Amino acid sequence: MATIIAPSILSADFAHLADEVKKVTVAGAEYIHVDVMDGSFVPEITIGAGVVKDLRKITDAILDVHLMVEHPETQLESFAKAGANIITFHVEATNHSHRVIQKIHELGCKAGIALNPGTSLSAIEELIEFADMALVMTVNPGYGGQQFIESMLGKIHMLYHMIDEMETDCDIEVDGGINAETSVLVREAGANILVAGSAIYNSADVAQSIKDIRGKEIVHHHHDE
């Protein structure tokens, strides 16, 4: 499975957002990761659906919208209408995750389920077969530029095996502290979509950074081999 790179615009210059998106897509990134924070589920406030709507006009990249918000069900329609391709919500932020996944699909988007570092995989076990993507946070969400939490590698690996045994199609995305070094570790553990912010946007050579994070392809052996 080829690795997909999803630069996080959280680390971009918001005064020149169109240029910042073009910069990374021209350099080979397939997704644009949009961090939506409400100041309640996480401490910071970032951007809403209006920005996604404007970004949709200037890029063909997959808009990977990560809702770090309470009551995500209230936000789905506006982000879908704005042109999101993937909408990921936190299972900690709603009591009705399965219904949220259904709603995202009804709106014509792919559905992602996200887990904070302190949330167990058991919280999503019953949801994996319905979701298109599972996002393992490798930092506590809310700020860019944090240190990768290495103990999350076991969680990614367990999730990989869980998906494999269910024989379902569910991507594994990781977000937090991803750079050329940590990328190898998470890809070996089974992740195939990598979110990176500062490692890409604070780099002198964006194309090279994306290449370094993408790394060499890792071959995984499935349980039936």
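**Notebook: pockets, a cavity and one strand**

I began with the largest pocket, where α5 (152-166) and β7 (171-175) each supply at least two residues of the lining. I note here that this is a predicted model.

**Entry 1: the largest pocket.** Which element gives the most to this lining? I found that α5 does, with 3 residues. I then looked up the space inside, and about 510 Å³ lies in the largest pocket. Its lining is made of 21 residues. For a newcomer who wants a place to start looking, M1, Y160, G190, N192 and H222 lie nearest the centre of this pocket. I also sorted the lining by class: 8 residues are nonpolar, 6 are polar and 7 are charged.

**Entry 2: the second largest pocket.** I went on to the second largest pocket, which has a volume of about 320 Å³. Two or more residues of its lining come from each of β2 (31-37), β8 and α7 (198-201). The largest share, 3 residues, is given by β2. How many residues line this pocket? I read 28, and those nearest the centre are G144, G145, D175, G176 and G177. By class, I wrote down 12 nonpolar, 14 polar and 2 charged residues for the lining of the second largest pocket.

**Entry 3: the cavity.** Next I looked for enclosed space. Rolling a probe the size of a water molecule over the atoms shows where empty space is left. How many cavities of 30 Å³ or more does the structure hold? I found 1, and the volume of the largest cavity is about 30 Å³. Its lining is formed by Y31, I86, K110, D132, M133 and D171. I sorted these by class too, and the lining of the largest cavity has 3 nonpolar and 3 charged residues, with no polar ones.

**Entry 4: strand β1.** Last, I turned to β1, which spans residues 4-7. In a regular strand the side chains alternate between the two faces of the sheet. Are the residues on the two sides of β1 buried or exposed? I found I4 and A6 buried on one side, and I5 and P7 buried on the other, so both faces of this strand are covered, buried meaning under 20% relative accessible area.

I then asked myself which strand β1 pairs with over 4 bridges. The partner is β8 (residues 193-196), and the two strands run in the parallel sense. To find the pairing in the structure, I would start at I4, which stands opposite I193 in β8. I had already met β8 in Entry 2, as one of the elements that line the second largest pocket.

Note on methods: Residues numbered from 1 in each chain as written. Predicted model: local features only at pLDDT ≥ 70, side-chain atom pairs only at ≥ 80, totals over all residues. Heavy atoms only, no water. Buried < 20%, exposed > 50% of the residue type's maximum accessible area, 1.4 Å probe, protein only. Pairing = 2+ DSSP bridges. 1 Å grid on protein atoms, 1.4 Å probe; cavity = no way out; pocket = protein on both sides within 12 Å on 5 of 7 lines; lining within 4 Å. Points joined across faces, edges and corners; volume = space filled by probe spheres on them. Nonpolar A, V, L, I, M, F, W, Y, C, P; charged D, E, K, R; others polar.
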